[in-house]
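Here are a few quick notes on charged side chains, for when you have the model open. Shout if anything looks off on your side.

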Amino acid sequence: MKTDIRLKFGKQLQRLRREHDFTQEELARKAGIHPRYLQNLEGSRPNAVTIVTQEKLARVLGISLGELMNL
């Protein structure tokens, strides 16, 4: 069964967030997004994420957008 790309992105985001020792609240605040939105992205039924949000998250994590999207 194929895994939804949104779920893959959420797992990747969660892994990177933990590697950088950020809580969801810290990463959300630094990226300028709502903590509930970040919780949704890492959850089991995530919404689609915009490229603008992806760029914000990558910048805070100190990685390229390509690294963030390395699914």
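1. Which residue does arginine 6 form a salt bridge with? The partner is aspartate 4, and the closest N and O atoms sit 2.7 Å apart. Bear in mind that this is a predicted model. Neither end of the pair is buried: arginine 6 is partly exposed at 38% relative accessible area, and aspartate 4 is partly exposed too, at 29%.

2. That pair is one of three salt bridges that turn up when the whole structure is searched. Side chains of opposite charge can pair when their charged atoms come close.

3. Next, have a look at helix α1, which covers residues 5-19. Glutamate 19 and arginine 15 make a salt bridge there, with an N to O distance of 2.4 Å. The two are four residues apart in the helix, so about one helical turn separates them. Glutamate 19 counts as exposed, with 51% relative accessibility, while arginine 15 is partly exposed at 39%.

4. Then there's arginine 17, whose side chain meets that of glutamate 42 in a salt bridge at 2.8 Å, N to O. This one ties together distant parts of the chain: arginine 17 belongs to helix α1 and glutamate 42 to helix α3 (residues 35-42), with their positions 25 residues apart in numbering.

5. Buried or exposed: what are the two ends of that last pair? Arginine 17 comes out at 7% relative accessibility, so it counts as buried. Glutamate 42 is buried as well, at 11%. The cut-off for buried is under 20% relative accessible area.

Terms used:
Residues numbered from 1 in each chain as written. Predicted model: local features only at pLDDT ≥ 70, side-chain atom pairs only at ≥ 80, totals over all residues. Heavy atoms only, no water. Salt bridge = Lys/Arg side-chain N within 4 Å of Asp/Glu carboxyl O. Buried < 20%, exposed > 50% of the residue type's maximum accessible area, 1.4 Å probe, protein only.
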